[in-house]
Protein chains: 2
Amino acid sequence: MDEAQTLDFQELKRYSMFGGITPETFEALRPFIHLQDFNTGDHVMEEGAVNDRVFFIVSGSVEVLKHLEGRDPGDCRRITVMGTGETFGEMELIDVQPCAATVRAIEPTRTLTLSNHDLYRVSKSDLKTYTLLILNLARELSRRIRTMDGMISGERPSSQIDISD
Amino acid sequence: MDEAQTLDFQELKRYSMFGGITPETFEALRPFIHLQDFNTGDHVMEEGAVNDRVFFIVSGSVEVLKHLEGRDPGDCRRITVMGTGETFGEMELIDVQPCAATVRAIEPTRTLTLSNHDLYRVSKSDLKTYTLLILNLARELSRRIRTMDGMISGERPSSQIDISD
């Protein structure tokens with residue numbers, strides 16, 4: 001895992017988590033962002049294991065798999081496929097818990113990563129940048145909830161729904 | 001809508017958004033937090049209208065209603081009921097968009113509110129407190145997504161699911 005020395009400002013800006021960052025902020029963040037490459041079939045995350053970082057897909061693609069309850073450990077269902085420009089593992093930056101799904105590379109895949117430990121270091125060295133990243137992350141989660149709300153409330157009987165939590 | 005002069009520190013701490021605040025932070029936040037009372041039948045939020053604030057239910061309860069597509073405007077379905085200690089409208093603090101549902105008081109209901117404009121003022125006067133509130137909010141959204149992920153991925157065929165966004 002190398003520091004992403006060749007990382008380009010414009011490249012990073014396309015990920016919603018880096019919306020609004022300045023070239024100066026970018027330089028401050030650069031030491032904390034790493035390249036991580038995966039071969040076809042490599043597991044990036046394992047369902048039930050702890051993940052501590054966010055992944056930004058630079059090239060390639062991954063599949064998201066979920067174990068089917070009551071089946072053999074290897075018996076999984078593909079939930080979705082993600083490719084260039086997409087992000088996964090954001091929630092682990094703020095809320096370390098066992099992964100809800102397995103993520104596996106389905107072709108050679110290059111990612112940029114930022115760990116929650118390094119994000120913590122950013123919070124200590126540059127609170128303004130840290131706040132911007134967390135706000136961007138919260139907005140992304142909010143967008144996701146609006147999408148999921150629509151999916152759930154449009155199609156479920158009310159007894160199964162609880163958006164109050 | 002009055003400033004919540006009688007607001008108690010312990011009372012505020014029970015809402016996840018205020019987790020980790022100190023008595024000093026509490027005093028700094030107090031001028032921005034208001035009491036808002038609703039009578040039975042009052043609409044707190046209107047589906048499709050813009051809401052600009054979070055509500056913390058102090059007492060009473062509300063129902064969350066969603067309009068049924070293709071039906072008359074008043075034809076709604078109850079999604080859930082929320083009561084004392086629960087929170088709604090958090091996402092509007094960071095992502096102002098039309099409300100996804102109508103919220104109506106089903107008994108006399110007292111809430112505490114914080115508007116996104118006032119939260120912005122907190123960001124200017126006390127970045128550390130602002131960051132803590134946004135981080136708490138992001139964690140709450142993250143928890144909600146984990147719950148919804150379980151609901152969706154456990155019961156839907158893969159063609160309908162996209163958790164990538």
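Trainee: What pattern does chain A follow when read along the sequence?

Mentor: In this predicted model, chain A reads β-α-α-β-β-β-β-β-β-β-β-α-α. Chain A holds 4 helices and 9 strands.

Trainee: What makes β5 and β6 of chain A a pair?

Mentor: Pairing needs at least two bridges between the strands. Strand β5 (residues 61-67) and strand β6 (residues 76-83) of chain A have 7 bridges, in the antiparallel sense, so they pass that cut-off. One of the links joins Ser61(A) to Gly83(A) in β6(A).

Trainee: Which strand, β8 of chain A, is joined to β5(A), and by how many bridges?

Mentor: Strand β8 covers residues 102-105 of chain A, and 4 bridges join β5(A) to it, again antiparallel. Within β8(A), Thr102(A) is the bridge partner of Leu65(A). With at least two bridges required, the 4 found here let us call this a pair as well.

Trainee: Why do β3 and β6 of chain B count as edge strands?

Mentor: Start with the order: chain B has an open sheet of 4 strands, β3-β8-β5-β6, with antiparallel pairing. β3 (43-45) and β6 (76-83) of chain B each have a single partner strand, so one side of each lacks a neighbour in the sheet. From one strand to the next, the twist averages 30 degrees. As for the partner of β6(B), strand β5 (residues 61-67) of chain B is joined to it by 7 bridges, and Leu65(B) has Arg78(B) as its bridge partner there.

Trainee: Why is Asn39(A) called exposed?

Mentor: Exposed means 12 or fewer other C-beta atoms within 10 Å. Asn39(A) has 10 such neighbours, so it counts as exposed. Asn39(A) sits in the loop between β2 (34-38) and β3 (43-45) of chain A.

Trainee: What does Asn39(A) touch, leaving out residues up to four places away in sequence?

Mentor: Asn39(A) touches Ala105(A) and Pro108(A). Arg110(A) is 71 residues away from Asn39(A) in sequence, yet their C-alpha atoms are 8.9 Å apart.

Trainee: How do you know that Leu137(B) is buried?

Mentor: Leu137(B) is listed in the largest nonpolar core, which has 74 residues. A nonpolar core takes in buried residues, so Leu137(B) must have 20 or more other C-beta atoms within 10 Å. Those with the most contacts inside this core include Leu137(B), Ile134(A) and Ala138(A). Not counting residues up to four places away in sequence, Leu137(B) touches Ala138(A), Met17(B), Glu90(B), Leu93(B) and Ile94(B).

Trainee: How many of the residues of chain A count as buried?

Mentor: Of its 165 residues, 35% do.

Note on methods:
Residues are numbered from 1 along each chain as its sequence is written. Chains are lettered from A and ligands numbered from 1 in the order in which they are written. This is a predicted model: local features need pLDDT of at least 70, side-chain atom pairs count only at pLDDT 80 or more; totals for chains, interfaces and linings use all residues. Helices (H or I, at least four residues) and strands (E, at least two) are DSSP runs, numbered from the N terminus. Axes are lines fitted to C-alpha atoms, for helices over the stretch in contact, and angles run from 0 to 180 degrees between N-to-C directions. Two residues are in contact if their C-beta atoms, placed from the backbone, lie within 7 Å. A nonpolar core is a set of buried Ala, Val, Leu, Ile, Met, Phe, Trp, Tyr and Cys residues joined through C-beta atoms within 7 Å.
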